[in-house]
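Morning, everyone. Let me put the model up, and then we'll walk through how it packs.

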Number of protein chains: 2
Amino acid sequence: MISEKMKAAVSGSSVIRQMFEEGARLSKIYGEENVFDFSIGNPNAEPPESIKIAIKEILDTEKPNLVHGYMNNAGYEDVREAIAKNINDSHGLDLTFKNICMSVGAAGGLTIVFKTILNPDDEVITLSPFFGEYRNYVEAYGGKLVIVPTLTGTFQPDLAAIEAAITPKTKAIIINNPNNPTGVVYREETIKAIADLLTRKSEQFRSCIFMVSDEPYREIVYDDIKIPYMLNYYKNSFIVYSYSKSLSLPGERIGYVAFSNQMEDADDVAMSLSIATRTIGYVNAPSLFQRVIAKCLDSEVDTYLYKMNRDLLYNHLVSLGFSCAKPEGAFYLFVKALIPDDVAFAAAAKKYNLLIVPGSAFGCPGYFRLAYCTSYEKIEKSLNAWTTLAKDFLNEAWTSKEFNIY
Amino acid sequence: MISEKMKAAVSGSSVIRQMFEEGARLSKIYGEENVFDFSIGNPNAEPPESIKIAIKEILDTEKPNLVHGYMNNAGYEDVREAIAKNINDSHGLDLTFKNICMSVGAAGGLTIVFKTILNPDDEVITLSPFFGEYRNYVEAYGGKLVIVPTLTGTFQPDLAAIEAAITPKTKAIIINNPNNPTGVVYREETIKAIADLLTRKSEQFRSCIFMVSDEPYREIVYDDIKIPYMLNYYKNSFIVYSYSKSLSLPGERIGYVAFSNQMEDADDVAMSLSIATRTIGYVNAPSLFQRVIAKCLDSEVDTYLYKMNRDLLYNHLVSLGFSCAKPEGAFYLFVKALIPDDVAFAAAAKKYNLLIVPGSAFGCPGYFRLAYCTSYEKIEKSLNAWTTLAKDFLNEAWTSKEFNIY
């Protein structure tokens, strides 16, 4: 009785989400402490105490009908103005509330952007490995996802490959910096090169190619890395931001889309984002949390915890013979599997209660993703399992039959 | 630079939302107390105190990473189980958490339902006057909205007209009870008649026609009216519910979809609703408010306030010569305009700072909608403006030129 599209979706649902649910199932059998769930980016770092304080303060001082009521679909003007000012202070821009549309997380932000810009058959470039949900967001509005592989090993953008993929139908390129699933960061020279390429190609084709910069991990960076702010490099950029990771609020669905006044047709874009928020059915980003984040713009989670996790797990895996680009941001490792079949490898890992996501889920077979936004203690406890798993494969004792993976 | 579809949307954006923003503009000029904004269903009744208490209790006793974190896309199992039990207790059903999918309000609930059931060119019947956003939700998934007028004056379903509109392509009928914009209620005999008709037509066409029951106003009823629970009358029903009105939380975007195990392919439907929640880009209903409403299932706003408002405004308008079906639920009056051109009439009303929505926005020209979910004092203060407006028209002093409405 369900639609043809959803029939297909039901039979091939998200590998990440399946793993998440598998983790819950295994936890019931073996105990939560014995299941090493590296499958989903559900942040372990606690939300800053300021969140709780802000919520209570709002409940005690603001009018309930304002706090929980409707506002403009794009969000409360005072909240958007506070966010604009915060961006201006950090990045030397001149945004106002009109340049900000509050969204239901980054996922909600991406969908209102694509609904705003895509005509049927428009092409959107993504760099693989990539977050698999991009396909859903782009195809929902008739767009076609064009996958351009990054450079092997470093996972940095392959400028020549991107250039070759741009056609007159190219409407946007998605840049996810820091990157999910690889954790690599694109530096300023890379961003400049992409911006130059898009400018040149837009002129060549007399088209407008948007940069859609998906930045939920902007604040999760290590070793004093700075993420370039796209609005300073390319006028037709959308910044899609979420507080899911920077404030550990992924369930609350709160984020925003920012763009500059230099964007072509900026007023129409602003209106369209707001309308899209309503017509897609979000109506608006959740109201209380709009007000909460306006009070917590200078708060952040303790990223040092993630750095500790990264170092522990990265060093151990490399010592075992795994190969992996050392991540500079986000909280993922993208590791080469010890056999070409990444799905088989993930199934083998599950034998030791290690839950990982095959690289194929990110358009990059032969690898697997680890989300290390879990506790340090859990990672410590998992190290033996990783050692045993690696030994199984590196001693060539492994056969597919032994693991019953098919 | 924006898409063709959004260009059209930007130029013909929601009349209701435009009025809402016009209200804010006029308030800045004339003072909020002198603008009579009857345009939007932003509830005036305060959320029950239990909401604030529940939020604080959750913040003080539950783990922050659980409260604000990811959960299954369909929502927390314990929250869904609590809702299922609450429904069972009230309506003698045997639902479990599997029959409940948490949604981003009723709007989010309608979109996941339509994404689940619609193939391109499927037809969805709505009874006019109808909430204009239905068109967006249906057309987003390739469906075609088929508008069937209700009976003149009573706004009750016209069974013969519905029967004539059902074709082999009919996939669903939307029932909105209590109704927006008319405030009328469909009684048990009407629901039974519609259910019988759908059963008969499904058999005739060997099709499955879903009932999509949009019930955000279920609890907002007067004079001891009871709204029939659709799952008890028709197995292929979706209940789309929201806490926006019953707990005055419209900005928080929290609701759910419920369906029974007797629905055809119930397991696939459950999985599809959950996947649709993710792929549309909501990911999940906001997490804190899922947990909040589970603690407030027996709370409700004071509907007596709305009844007082209804009586005051309804009686005054009728005394002035307006004609209107007396609403038994929701917080809207749907009134016959004093001239055939409802858009001109709304423009004339604005001269007295009366903000109303023309009936054409609901597919029913010649009428206008008043949302009386405002304060009693505001309604009292508006009565003179209504009197003056009515006199202008009833004395035939009115000309379109005088009001500068074109």
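I'll go from the two chains, to the domains, to three helix pairs.

Housekeeping first. This is a predicted model: local features need pLDDT of at least 70, side-chain atom pairs count only at pLDDT 80 or more, and totals for chains, interfaces and linings use all residues. Residues are numbered from 1 along each chain as its sequence is written, and chains are lettered from A and ligands numbered from 1 in the order in which they are written.

Start with the two copies. Lay chain B on chain A: the RMSD is 0.0 Å, after a turn of 180° and a shift of 0.0 Å along the axis. That superposition is by least squares on the C-alpha atoms of residues with pLDDT of at least 70 in both copies. The two copies are thus related as by a two-fold rotation axis. Both use the same surface, since 100% of the contact residues of chain B recur in chain A.

How many residues does each chain bring to the contact? Chain A gives 66 residues and chain B gives 66 residues. Contact here means C-beta atoms, placed from the backbone, within 7 Å. On the chain B side, several helices supply at least two residues each, including helix 1 (4–11), helix 2 (15–30) and helix 12 (287–295). Helices are DSSP runs (H or I, at least four residues), strands likewise (E, at least two), numbered from the N terminus. Which helix has the largest share of that side? Helix 11 of chain B, with nine residues. By class, the chain B side holds 30 nonpolar, 23 polar and 13 charged residues. For the classes, Ala, Val, Leu, Ile, Met, Phe, Trp, Tyr, Cys and Pro are nonpolar; Asp, Glu, Lys and Arg are charged; the others, Gly among them, are polar.

Now inside chain A. Domain 1 covers 4–47 + 301–403, and domain 2 covers 49–295. Those bounds come from an automatic or database domain assignment. The C-alpha centres of the two domains are 27 Å apart. Across the boundary, 27 residues of domain 1 touch 30 residues of domain 2. On the domain 1 side, helix 13 of chain A gives the most, four residues. That side counts 16 nonpolar, six polar and five charged residues.

On to helix pairs. In chain A, helix 6 and helix 11 pack at about 115°, axes 9 Å apart. Axes are lines fitted to C-alpha atoms, for helices over the stretch in contact, and angles run from 0 to 180 degrees between N-to-C directions. Helix 6 brings A:Thr111, A:Ile112, A:Lys115 and A:Thr116, while helix 11 contributes residues including A:Val269, A:Leu273 and A:Ile280. That contact has five nonpolar, four polar and one charged residues.

Next, chain B. Helix 13 and helix 15 of chain B pack at about 10°, with axes 10 Å apart. That makes the two helices roughly parallel. The label needs an angle under 35 degrees; over 145 is roughly antiparallel, 65 to 115 roughly perpendicular, and the rest oblique. Among the residues that meet are B:Leu312 and B:Leu313 from helix 13, and B:Leu383 and B:Trp386 from helix 15. The split is ten nonpolar, three polar and one charged.

Last pair: helix 3 and helix 12 of chain B. Their axes come within 9 Å and cross at roughly 120°, which makes helix 3 oblique to helix 12. B:Ile51, B:Ala54, B:Ile55 and B:Ile58 meet B:Leu288, B:Arg291, B:Val292 and B:Lys295. That contact has six nonpolar, no polar and two charged residues.

How values were computed. Contact = placed C-beta atoms within 7 Å.
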